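Please look over the structure shown here before reading on. The questions below concern its charged side chains, one of its helices and some contacts between parts of the chain.

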Amino acid sequence: MRITLPPLEVGDHEGFMPEKDLFGRAELGNGLSNIVSQVEEPLVIALDGAWGSGKTTFLKMWAGELRKAKHPVVYFDAFENDYVEDAFAALARELVELAEQREDEASVLSSDFKRKAVKLGSMLLRGAAKVGYRATVRAVTAGTVSADDLLEVADDVAGEVEGVADHYMEQMLASPRQQREIVDGFRKALEELPGLLSPRGDGEDQKPLIYIIDELDRCKPVFALALLERIKHFMSVPNVHFVLGVNMRQLESSVKFAYGSDVDANLYLQKFVKIFIGDIKEGKSSKNIQKYCEYIRESLEIPRTEMANTAVLAITRLLKHHGRNFRSAEKALAHLALIVAFRSNLPAHIGSVVGGLIVMKLLSASLFEGIKNGSKPKDEIKKFLSNDVDENEKESISWDYLMEDIHKIEELTSSEKWTYNSWKMDSRFDLISLSEIVVDGSISTKG
């Protein structure tokens, strides 16, 4: 048995394999493929979805379908690369690596793209790389110094920064034509790159290069916005499309972080994104949650005991009722796996109570703590644990259903030697023992 869900491995050329496309998103992928294949003008498409909605899995599967259709594809995880100082360097590096994978005559031509990318990158970094470099090294390695020494170092740093910055501005102002030629040279090389990587046949349209940027909302705000700026200014060329996997609400927060809370973040992002697609749901569909919970259970190898069965049922139905996403299901079932591993002799009849408490601890920590200290009234607990009856289900995990299991536990306390203080339905509704011993305990799952 496992206590963490193994990542779903998606091969570079697998695409939407039925056994892995759990939620039938191939249709969305086909529609997106039609858009990028038929439009020549440069596109930036934002695929909007909350954290845990399955954007990354979808984008990796879609990338496989694109590769099978002979599209040049880059998949770039912005969160894993936000340590790179310059956004252009991070973006261009992936393109150069894609070009260098060719081993035929196209690889010779692609070296021209690499050369022009290096030239533009050097121009962009020239000022930042020079300003204050020697002075910074000098200050850091100064060792033990007096106050006067520190003032001298500070003056030295200020003088050097001012001198280098002035020199850099002189270069910028003295050679605008050369700078434009460098930018235009790179853009031209990038425009030709799709044809080098995927030459079109007779009568065929050119297969555009698709650059997928995932986790844009999770990386550092300054880096995220710098990526968008670099795309707009240097990489907006025909037959090169960018597709962003992002939570737009979080990205709007990055805009406000960088430019102030008064800025219209949505309007700002419209300067960069041409198409917004919000079809990546949060996984609130009842069928999706139920299917995913079963997938998680199989992956974690949770045994099919009566206790575990009823716990999984309670978790699934409560998550459906509270409209939670896939990440919530992963955490809840991982916690159940931990409990089953930690206490293998749990009575069969407490499954639904354990499942209910797990979801409560995950979604309403204050309510869970209130059960332990007796501060929450039964009506509030009842409201959380009750759920709607699905049309296709004969029963629900309701308050009465949970109470029925609680009464059964009362009958087992002496034989099983459980130390529950009170299982009476009074104003306190005492679930203290079970919440402390089984669900809370000394172990927990994080992430």
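The following questions and answers work through a predicted model.

Q: How many of the residues of helix H13 are buried?
A: Helix H13 covers residues 326-342, and its 17 residues reach 24 Å from the first C-alpha to the last, close to the 24 Å expected at 1.5 Å a residue. The helix is largely enclosed by the rest of the structure, because the number of its 17 residues that are buried is 13.

Q: With which residue does Glu181 form a salt bridge?
A: Glu181 is found in helix H7, where it is partly exposed because its relative accessible area is 48%. Residues three or four places apart in an α-helix point the same way, because there are 3.6 residues a turn. The partner also lies in H7, four residues apart from Glu181, about one turn of the helix. With the closest N and O atoms 3.8 Å apart, the salt bridge of Glu181 is formed with Arg177.

Q: Is Arg177 buried or exposed?
A: A residue counts as exposed when its relative accessible area is over 50%. The value for Arg177 is 63%, so this residue counts as exposed.

Q: What distance separates the C-alpha atoms of Glu181 and Leu120?
A: Glu181 lies in helix H7, and along the chain Leu120 and Glu181 are 61 residues apart. In space, the separation of their C-alpha atoms is 9.7 Å.

Q: Which residue forms a salt bridge with Arg304, with the closest N and O atoms 2.4 Å apart?
A: Arg304 also forms a salt bridge with Glu298, for which the closest N and O atoms are 2.5 Å apart, and Glu298 counts as partly exposed because its relative accessibility is 47%. For the pair at 2.4 Å, the partner of Arg304 is Glu294. This pair links distant parts of the chain, 10 residues apart, with Arg304 in the loop between H11 and helix H12 (306-322) and, in helix H11 (residues 286-300), Glu294.

Q: Where does Glu204 lie?
A: Glu204 belongs to a patch of negative charge on the surface, in which it gathers with Glu40, Glu191, Glu192, Asp202 and Asp205. With a relative accessible area of 45%, Glu204 is partly exposed, because values from 20% to 50% fall between buried and exposed. Its place in the chain is the loop between helix H7 (176-197) and strand S3 (209-214).

Q: How many salt bridges does a search of the whole structure find?
A: Side chains of opposite charge can pair when their charged atoms come close. Asp112, Arg115 and Lys116 are linked in a network of such salt bridges. For the whole structure, the number found is 13.

How values were computed: Residues are numbered from 1 along each chain as its sequence is written. This is a predicted model: local features need pLDDT of at least 70, side-chain atom pairs count only at pLDDT 80 or more; totals for chains, interfaces and linings use all residues. Side-chain values use heavy atoms; hydrogens and water are left out. Helices (H or I, at least four residues) and strands (E, at least two) are DSSP runs, numbered from the N terminus. The expected span of a helix is 1.5 Å times one less than its number of residues. Buried means under 20% relative accessible area, exposed over 50%, partly exposed in between (1.4 Å probe, protein chains only). Patches are made of residues with over 30% relative accessible area and no salt bridge: like charges are joined within 9 Å, nonpolar side chains (Val, Leu, Ile, Met, Phe, Trp, Tyr) within 5 Å. Accessible areas come from the Shrake-Rupley method with a 1.4 Å probe; for residues, only the protein chains shown count as cover. A salt bridge is a side-chain nitrogen of Lys or Arg within 4 Å of a carboxyl oxygen of Asp or Glu. Lys and Arg count as positive and Asp and Glu as negative; His and the chain ends are not counted. The place of a charge is taken as NZ of Lys, CZ of Arg, CG of Asp or CD of Glu.
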